[in-house]
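Hi,

Here is the structure I promised to pass on. Have a look at it first, and my notes follow underneath.

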Amino acid sequence: MNDLESVATVEESLRGNGISVESLSSGPPLSLTYLTAFPGVEPNRGEVGRAVTAFLELARDGEWEPTSVDATILRSDDDVQATWRLEADWIRAYNRYELDDVELSERVLDSLDREEEP
């Protein structure tokens with residue numbers, strides 16, 4: 001699978017998990033920007049979880065070779081709510097049952113960086 005096919009597969013999976021993809025580029029790291037359905041001050045953890053789940057499932061099913069992911073959450077155009085990161089090693093460890101749901105969630109949420117209000 002080439003990079004273009006891989007990006008298309010990832011985008012389709014994210015959209016299937018309710019993530020409104022604005023831009024996606026292969027990396028490494030893979031860069032994801034998406035428009036949140038929850039434009040409040042705090043990022044919605046469930047929405048972040050759905051995005052992470054899409055990457056985990058793609059890697060588990062062999063449809064995507066894990067690379068680190070840098071994600072940016074937008075409230076609207078040019079209004080960044082937060083950023084978060086998913087490391088390729090975390091994905092591999094999770095899919096080998098070396099990392100459980102709680103540990104993975106903690107790592108992703110620890111990487112969450114909320115933008116300050118202007």
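**Salt bridges and what surrounds them**

Arg 85 is partly exposed, with a relative accessible area of 26%. Its side chain meets that of Glu 87 in a salt bridge, at 2.6 Å from N to O, and Glu 87 is itself partly exposed at 24%. Salt bridges with shared partners also tie Glu 65, Asp 89 and Arg 92 into one network. Before you read too much into any of this, keep in mind that the model is predicted.

The structure holds 9 salt bridges, and two others are worth a click. Arg 60 and Asp 61 meet through their side chains at 2.9 Å, N to O; Arg 60 is exposed, with a relative accessible area of 53%, while Asp 61 is partly exposed at 44%. Then there is the salt bridge between Asp 79 and Arg 75, at 3.0 Å from N to O. Here Asp 79 is partly exposed, with 27% relative accessible area, but Arg 75 is buried at 13%.

**The sheet**

Next, the strands. Five of them make an open sheet with mixed pairing, in the order β1-β2-β3-β4-β5. Which strands stand at the edges? They are β1 (20-25) and β5 (113-114); each has a single partner strand, so one side of each is left without a neighbour in the sheet. Further in, β3 (residues 69-76) and β4 (residues 79-86) run antiparallel and are joined by 7 bridges. If you want a place to check the register, Thr 72 has Thr 83 in β4 as its bridge partner. Helix α2 (residues 45-60) packs on the sheet, where it touches β2 (30-35), β3 and β4. The direction of α2 makes about 40° with that of β4.

**Buried residues around the helices**

The count of aromatic pairs comes to 1. Phe 55 and Trp 64 have ring centres 5.2 Å apart and planes at 50°, so the pair is tilted. Are the two rings' residues buried or exposed? Phe 55 is buried, at 0% relative accessibility, and Trp 64 is buried too, with a relative accessible area of 5%.

Phe 55 turns up again if you start from Leu 14, as the two are in contact. Leu 14 sits in helix α1 (residues 3-16) and is buried, with a relative accessible area of 0%. Setting aside neighbours within four places in sequence, the other contacts of Leu 14 are Ile 19, Val 21, Leu 24, Leu 32, Ala 51 and Ala 54.

What does helix α3 (residues 88-95) bury? Its buried residues are Ala 88, Trp 90, Ile 91 and Ala 93, and they pack against α2, β4 and α4 (101-111). Just after α3, have a look at Tyr 97, which takes a positive phi of about 65°. As for how α3 lies relative to α1, one distance may help: the C-alpha atoms of Leu 14 and Ala 93 are separated by 21 Å, with their positions 79 residues apart along the chain.

Shout if you'd like to go through any of it together.

Cheers

Conventions: Residues numbered from 1 in each chain as written. Predicted model: local features only at pLDDT ≥ 70, side-chain atom pairs only at ≥ 80, totals over all residues. Heavy atoms only, no water. Salt bridge = Lys/Arg side-chain N within 4 Å of Asp/Glu carboxyl O. Buried < 20%, exposed > 50% of the residue type's maximum accessible area, 1.4 Å probe, protein only. Pairing = 2+ DSSP bridges. Helix = DSSP H or I, 4+ residues; strand = E, 2+ residues; numbered from the N terminus. Contact = heavy atoms within 4.5 Å. Axes fitted to C-alpha atoms, helices over the stretch in contact; angles between N-to-C directions. Phe/Tyr/Trp six-rings, centres within 6.5 Å; stacked < 30°, edge-to-face > 60°.
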